[in-house]
Amino acid sequence: MPVQPFPILFITATRIGDAVLSSGLIRRLADEVPGARFTIVAGPAAAPLFEDVPGLETIIPFEKSGDGGHWVRLWNQVRRRPWGLVVDLRGSAISSFLSRRKRAVYRRGTGAPVHKVIEAARVLGLQDAPPAPHIFVGEAAARQAAALVAGEGPILALGPAANWVGKTWPVERFAQVAIQLLGAGGPLAGGRLLVAGGPQDAGVLPTLRAVAPRDRFIDLVGKVDLVTLNAALGAARLFIGNDSGLMHLAAAAGAPTLGLFGPSDERLYAPWGPSGRVLRGARTLDQIRTLDPDLSQAICHMMDLSVESVVAGARRLISDTA
């Protein structure tokens, strides 16, 4: 007997990082729900992450507006369909008014902070075995990524940008780390340098291009879609980056990931998985907050993280994942 379609409305995050961290729920539903057919609601930046989800029917870009009209627009797009399941990671009331057999809605917890992967898993009652982030990669994206990273030598991938100067380690320090890791005597000697980012991050390129010869430099700054970038990052021997969506994308791809933290909470946002590590400078998050209580000032809070510390952390992670 043919499996009947089971329509799932999945409402996820605006930001790339949060959407990646909740992506394991989609994989679990795709694996375990016969006939799963997905309508995925995500912010415009995060929406491309889901292009290759099996059973995908449509992606609805969801952009906030100051007057709350974004919820009215979404309601008009989804209200006419009877849903098998509505998963709402935004904790809105929309599922209360939709025709659905089941719903799972995020509720803000009152206990100790937990990692965002666990927080998302709670929505489906999976907190005891939270699904790891997972981005589905189709054949076309996999072929394109393979061509981009083809060549000899291990790949050091860098994500030197972030969405706020406060948590952006200076690009010059990324360059110094790359020189030590890829140079003679380094653990990735003779390897290649991959730089990842969005179109808005092109300013990091002049500094980092000088680190490696042209034939050992892979420029993926604003060049590919997020699914292809995820697949390319999976080929990295090591990823080093600021706390950002790129860091979570690399960890989801299985790359050993060293996340550089300052004014953000590693309890919530550490790179997920056995090959993820966190490194911060001498100051705790609470100490940084004494200077910038709202974490909003246009100052870099990463200056106390030294090149030597990052090189040592990178060496340890390479050794641990050998």
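Two strands are said to pair if DSSP finds at least two bridges between them, and in this predicted model that criterion opens the way into an open sheet of five strands, arranged in the order S3-S2-S1-S4-S5 with parallel pairing. Strand S3, residues 56-61, and strand S5, residues 100-105, stand at the edges of this sheet, and because each has a single partner strand, one side of each is left without a neighbour in the sheet. On average, and with direction ignored, neighbouring strands of the sheet are turned by 15 degrees against each other.

At the S3 edge, the partner is strand S2, residues 36-42, and the two strands pair in the parallel sense over five bridges. One of the residues involved is Ala42, whose bridge partner in S3 is Pro61. Helix H2, residues 23-32, lies across S2 as well as strand S1 (6-11) and strand S4 (83-88), and the helix runs at about 165 degrees to S2. Trp83 has the charged end of Arg81 sitting over its ring, 5.2 Å from the ring centre.

Further along the chain, Arg237 lies in the loop that joins helix H8 (226-233) to strand S9 (238-242). With a relative accessibility of 22%, Arg237 counts as partly exposed, since buried would require a value under 20%. Leaving aside residues up to four places away in sequence, Arg237 touches Pro154, Ile155, Leu188, Pro256, Ile318, Thr321 and Ala322. With Ile318 there is also a specific approach, in which the side chain of Arg237 reaches the backbone oxygen of Ile318 at 2.8 Å. Arg237 and Ala19, by comparison, are 218 residues apart in sequence and 24 Å apart in space, taken from C-alpha to C-alpha.

Another loop residue, Ser264, is found between strand S10 (257-261) and helix H10 (266-269). Its relative accessibility is 9%, so Ser264 counts as buried. The side chain of Ser264 makes a polar contact of 2.8 Å with the side chain of Asp243, and, again not counting residues up to four places away in sequence, Ser264 touches Lys167, Arg280 and Leu285 in addition to Asp243.

The last features to consider are aromatic. A pair of aromatic rings is described by the distance of the centres and the angle of the planes. A search of the whole structure finds two aromatic pairs, one of which, formed by Trp169 and Phe174, is edge-to-face, with 5.1 Å from centre to centre and 80 degrees between the planes. Trp169 counts as buried because its relative accessibility is 0%, and Phe174 counts as buried at 1%.

Methods:
Residues are numbered from 1 along each chain as its sequence is written. This is a predicted model: local features need pLDDT of at least 70, side-chain atom pairs count only at pLDDT 80 or more; totals for chains, interfaces and linings use all residues. Side-chain values use heavy atoms; hydrogens and water are left out. Helices (H or I, at least four residues) and strands (E, at least two) are DSSP runs, numbered from the N terminus. Buried means under 20% relative accessible area, exposed over 50%, partly exposed in between (1.4 Å probe, protein chains only). Contact means heavy atoms within 4.5 Å. A polar contact is a pair of N or O atoms within 3.5 Å; within protein, one must be able to donate a hydrogen and the other to accept it, and residues adjacent in sequence count only if both atoms are side-chain atoms. Axes are lines fitted to C-alpha atoms, for helices over the stretch in contact, and angles run from 0 to 180 degrees between N-to-C directions. Rings of Phe, Tyr and Trp (its six-membered ring) pair if their centres lie within 6.5 Å; planes under 30 degrees apart count as stacked, over 60 as edge-to-face and the rest as tilted. A charge sits over a ring if NZ of Lys or CZ of Arg is within 6 Å of the ring centre and within 35 degrees of the ring normal.
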